[in-house]
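Student: Could you take me closely through one part of this structure, starting from a single side chain and its surroundings, and then set that part beside other places in the model? I would like a connected account rather than a list.

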Amino acid sequence: MKKAPGEEPNEALTVTPPKDWAAGVPAVVHALEYSLEETSARRAGETLLTMNQVDGIDCPGCAWADPAPGHRHRNEYCENGAKHINDEATTRRVTAAFFREHPVSELAGRSDTWLNQQGRLTEPMVKRPGSDHYEPISWNDAFGLMAGELTSLASPDEAVFYTSGRAGNEAAFVLQLFARALGTNNLPDCSNMCHESSGYALHETLGTGKGTVSLHDLHHTDLIFLVGQNPGSNHPRQLSALEEAKRNGARIIAVNPLPETGLRRFKNPQRPRGVIGRGVQIADRFLHIRAGGDLALFQAVNRLLLEAEDARPGEVLDHDFIRGDTSGFEEFAEHVRGVDWSDVLAATGLTREEIEQVRDEVLRSERVIVCWAMGITQHQHAVPTIREIVNFLLLRGNVGRAGTGACPVRGHSNVQGDRTMGIWERMPDSFLDALRQEFGFDPPRAHGVDSVNAIKAMREGRIRFFLALAGNFVRAAPDSAVTEEAMRTCRLTAHISTKLNRSHTVCGETALILPTLGRTERDVQAGGEQFVTVENSMSEVHTSRGRLRPASSLLLSEVAILTRLARRTLGRTPDIPWERFEADYGTIRDCISRVVPGLHDYNRRVIRPGGIPLTNPVNEGVYPNGAGRALFTRNTCEVLRAPEGHLLLQSLRSHDQWNTVPYTSDDRYRGIHGSRRVVLVNPDDVAGLGLVTGQNVDLVSVWADDVERRAEDFSVVPYPTARGCAAAYYPETNVLVPLDSVAEGSNQPAYKAIVVRLEPAAPRPDGVRA
């Protein structure tokens, strides 16, 4: 159970065996318990029964696609979605009295869980230079402070505008428009830290940064790879889609360093056999791979497919597709035929027989889909790994056909929609040209900073103003100490937020908290009640309408905050109808319809049940990557080897967590209860390193700059991770990730396969844990 809002978690660890099935009745019970602790039964019912329904509230959690209208369950949500939506709908409130009682220096020492449990923010607050307290400020004065800072900058590029996937399309479009009208492309977002590698690799090879599959494809395929994913905790509604695929005859191969519960067996609580039966086995085959071994795995499978074609000419590869739709095949084939089996086995930790069995599964399958998530994207070699996955799909024509394709599974509600709306520091000239034509100003063309480069620019004193539209930037970013030090160099930091988080305690010289409506709340403007739109992982754009009364009469919507700031800062230059945007979001969508390809006639089409399915060019045989064809690539595989006495650590989320916010200190699927400061280590490695179960250790990362990065006081828990690998929760372990440790090409932080050593923890005063 959760602690009361005035209490910190006990940090009393108990460990039980990991669960061998996910969801079922316990998921329903936990979801309802959490919801009723946060809000009333009436409010919980109002949110849950409209969640993910046509004309209802889109889940502010993950971006998994909804079934077609007419095929949705009355309870179209998962355990974590129910927790997430009622965490926002909480009846707890953070008022001015709270900030008088709690100085910033005290809040900075509180846990992420405690900060979140305090409730909804209710009025704008300011921390002035030299003060240790936030105090109330009027909206008018808050906009004046921000506008004054922005207009005094030596260059618009001294400002950064960060966006989280929680924002709707309308707010995202307004933010990027404001930033570009101001004169900067400094528009980092949370995708920089979770799926930038997917977009980079897919743009390069296929010409689109988005996945190419639909729910229908997943339901009607022969073989699904789940690579670097934990759907049971991170996007549980995917399990329903996988269950449907299994019912239709699909086989599933799971590839992961940890045997995640959701990859084993699923008991769907919406079906009788999920309540009283054994449920459905998800993975037919589990590959217990070493962290970072995925590139080697797919190269080995690709080599085996080429050799199978040699033995049975014309029966294995799709030569018509390769000739007509791709380029680079010969160079790729020559390279992959030279893959060294000893390197493959060392990189993957698998046997050759296991990999050959994967080849046999592929040869039996006419239609194949590969799904992946941050277990792939957050490696230094993430981009070549995803390119190799594309190679694998191209060999047998598994793109552009029904039941086939690439499926990067986004973990945050509208992160993909933000990109569609222009939240990217490197938007193409075609988008900027469309902005110029629509609004009559010439947007800046120089690329802006992404999340990592924003931190570097702050650290170097080149950023003076930081505005975050939702999210928890400080906790999501790598190299925690460096990130916090950099943030404090800003003259003004401002966060548009619904709830308190760590980023509010890491302040610039002046800091603002700008409380906003949640997605669950009614949004009434001068033009009447508004709705917003969002885009899911499968490129479907649809509406979301709040149902609840706002948490405070002083809250403004995200759109209202941004349009008022734009008016105060820019005035009428350029002449953009900010007032009309605030009064009626339909006017924003009218502009979007003329700027964003695929969203023509936006207002009329998006309100239809199911919304607007955006067309993916790959599924029409078009590859807008400059080459006009899908590209085979040559990818160098380096075997990750930790020095003697070290392990490869990956960060991960607990089951009872959403993004940077842990709801409790439990992770019941993995059998961890009462503490998050645990490191999961293969039992053989525990013995080999001379450790004992329950021992307290410090995690120390090893990086070329010789700077010691230390996460203190973690309990050793034996767990069936791959040999030589370990796992621990983020954001607690983000401190271990150097700012310069990024994926090649995409510049995405490499939160996976961190080289660490485990040192016995020094005794803490009075037994207090770090």
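Tutor: A polar contact here is a pair of N or O atoms within 3.5 Å, of which, within protein, one must be able to donate a hydrogen and the other to accept it. The model is a predicted one, and the side chain to start from is that of Glu 582, which is joined to the side chain of Arg 564 by a polar contact of 2.8 Å. Glu 582 belongs to helix α28, which covers residues 578-583. Its relative accessible area is 9%, and because buried means under 20%, Glu 582 counts as buried. Setting aside neighbours within four places in sequence, Glu 582 is in contact with Gln 525, Val 559, Ala 560, Thr 563, Arg 564 and Arg 567.

Between α27 (558-570) and α28 runs a loop that holds Pro 574, and the peptide bond joining Thr 573 to Pro 574 is cis, with an omega of about -5 degrees. A second cis peptide bond joins Tyr 730 and Pro 731, where omega is about 15 degrees; Pro 731 sits in the loop between β32 (725-729) and β33 (754-760).

A useful comparison for Glu 582 is Thr 348, a polar residue of helix α18 (residues 341-348). With a relative accessible area of 0%, Thr 348 is buried. The side chain of Thr 348 reaches the backbone oxygen of Val 344 at 2.8 Å, while a polar atom of that side chain also lies 3.1 Å from the backbone nitrogen of Leu 350. Beyond neighbours within four places in sequence, the contacts of Thr 348 include His 288, Ile 289, Arg 290 and Ile 355.

From single residues we can turn to a whole helix. Helix α24 (residues 451-459) is largely enclosed by the rest of the structure, because seven of its nine residues are buried. Among these buried residues are Val 452, Ile 455 and Met 458, and also Lys 456. The elements that the buried residues of α24 pack against are β7 (159-163), α9 (191-194), β16 (465-469), α25 (473-476) and α26 (480-487). At its N-terminal end α24 is capped by Asp 450, which has a side-chain oxygen 3.4 Å from the backbone nitrogen of Val 452; α24 is followed by Gly 461, with a positive phi near 80 degrees.

The nonpolar interior deserves a look as well. The largest nonpolar core has 64 residues, and Phe 161, Phe 173, Leu 467 and Leu 514 touch the most other members. Helix α8 (residues 169-182) gives the most to this core, with 10 residues. Apart from it lies another core, of 51 residues, including Ile 253 and Leu 395. Returning to Leu 514, its contacts outside the nearest four places in sequence include Trp 139, Met 146, Leu 467 and Ile 561.

On the outside, Val 25, Val 29, Val 275 and Ile 276 make a nonpolar surface patch of about 350 Å². Val 275, part of helix α14 (residues 272-275), is partly exposed at 40% relative accessibility.

Last come two backbone angles. Ala 23, in strand β2 (residues 22-23), has a positive phi of about 70 degrees although it is not a glycine, and Ala 23 is buried at 12% relative accessible area. Asp 601 has a positive phi too, near 55 degrees, but Asp 601 is partly exposed at 35%.

Notes: Residues are numbered from 1 along each chain as its sequence is written. Side-chain values use heavy atoms; hydrogens and water are left out. Helices (H or I, at least four residues) and strands (E, at least two) are DSSP runs, numbered from the N terminus. Buried means under 20% relative accessible area, exposed over 50%, partly exposed in between (1.4 Å probe, protein chains only). Contact means heavy atoms within 4.5 Å. A nonpolar core is a set of buried Ala, Val, Leu, Ile, Met, Phe, Trp, Tyr and Cys residues joined through side-chain atoms within 4.5 Å. Patches are made of residues with over 30% relative accessible area and no salt bridge: like charges are joined within 9 Å, nonpolar side chains (Val, Leu, Ile, Met, Phe, Trp, Tyr) within 5 Å. Accessible areas come from the Shrake-Rupley method with a 1.4 Å probe; for residues, only the protein chains shown count as cover. A salt bridge is a side-chain nitrogen of Lys or Arg within 4 Å of a carboxyl oxygen of Asp or Glu.
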